[in-house]
Amino acid sequence: VSADHPVTLATEIELDPWQREALANWATNAHRGVIEAIAGAREKKLVHWAIGQALDEGMKVLVLVPNADRAEQWTAELREALPINRIGKRNGGKDPQLAACDVVVATAQAAAKDEIFTRPLNAMLVAVDAHAYGTADLARALDTGFAWRLGISACYERDDDGIATYLDPYFGDVCFRLWYDRAL
C-alpha cells in the first residue's frame, strides 16, 4: 500500500496499521482475496481506501451487499467517503443509468440477474459479508470479468461447501485475518 492518499477519497480517512497490512497483502495477491476482520474493527475505512485506489486507476466499482437496508447504508457512507464520485444504487430492476456511475452498490440478488457494467470490464468487485455469496444463486453475482476482487467478512465460514465451491475459486484465499487479540 502506497503512503499516498487516494485522490478520490475524503481527506480525513486514515488507516490503522492492520488495515495497511491487509491492503498490502491483498495488493500482493493481484488485488484478489478475502479480508476477515472482526465486527467493529473499522473495516469500512479499509474498503473505502481500496475503492479509492481502484477509482484512481480509472476503474469502476461494484459493491455487493446482502440486502436493501445494507445497500442504503453503504450508499450513504460511500457518498460521504467519496464525495467527488458518481455513486448509484441498485436494489431491483434494471437501470441503464447505473453504467455511468463510478461506484454502484447492489444487492447480490440484483447483480446476479443482469450485468451492471458493460464489457470489457476495468472494474473492482467488493463483496460485503463475502461468506453469504457461497450459494449457486448468489455466486452468479461474482462476475469473473472483475480484475480486482475484495471480499470482506467478520466470520468467513459456512456450514456447507460454498467457500470451496464458489468463493475460493473466485477470490482466492483469505489474504488477511484480524482477530480480537490484535484488534484490542
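Trp-18 is a good place to start in this predicted model: with a relative accessible area of 8%, Trp-18 is buried. The structure holds three aromatic pairs, and Trp-18 belongs to one of them. Its ring and that of Phe-176 have centres 5.9 Å apart and planes at 20°, so the two are stacked. Because Trp-18 lies in helix α1 (residues 17–28) and Phe-176 in strand β7 (residues 174–178), this pair ties together parts that are 158 residues apart in sequence.

Helix α1 also carries Trp-26, whose partner Trp-148 lies in strand β6 (residues 148–153), so here parts 122 residues apart in sequence are tied together. The ring centres of Trp-26 and Trp-148 are 5.6 Å apart with planes at 85°, so this pair is edge-to-face.

Here is how buried these aromatic residues are:

| Residue | Relative accessible area | State |
|---|---|---|
| Trp-18 | 8% | buried |
| Phe-176 | 6% | buried |
| Trp-26 | 0% | buried |
| Trp-148 | 12% | buried |

Arginines meet rings too. The charged end of Arg-20 sits over the ring of Trp-49, 5.6 Å from its centre, while Arg-149 lies over the face of Tyr-170 at 4.2 Å from the ring centre.

Now for the wider chain. Its seven helices and seven strands run α-β-α-β-α-β-β-α-β-α-β-α-β-α from the N terminus. Of the 184 residues, 49% count as buried. Among contacts with a separation of 6 or more, 72% come from residues 24 or more positions apart.

One loop residue deserves a look: Asn-85, between α3 (68–81) and β3 (87–90). Asn-85 counts as buried at 15% relative accessibility. Beyond its neighbours within four places in sequence, Asn-85 is in contact with Thr-8, Leu-55 and Asp-102.

Technical notes
Residues numbered from 1 in each chain as written. Predicted model: local features only at pLDDT ≥ 70, side-chain atom pairs only at ≥ 80, totals over all residues. Heavy atoms only, no water. Helix = DSSP H or I, 4+ residues; strand = E, 2+ residues; numbered from the N terminus. Buried < 20%, exposed > 50% of the residue type's maximum accessible area, 1.4 Å probe, protein only. Contact = heavy atoms within 4.5 Å. Phe/Tyr/Trp six-rings, centres within 6.5 Å; stacked < 30°, edge-to-face > 60°. Lys NZ or Arg CZ within 6 Å of the ring centre and 35° of its normal.
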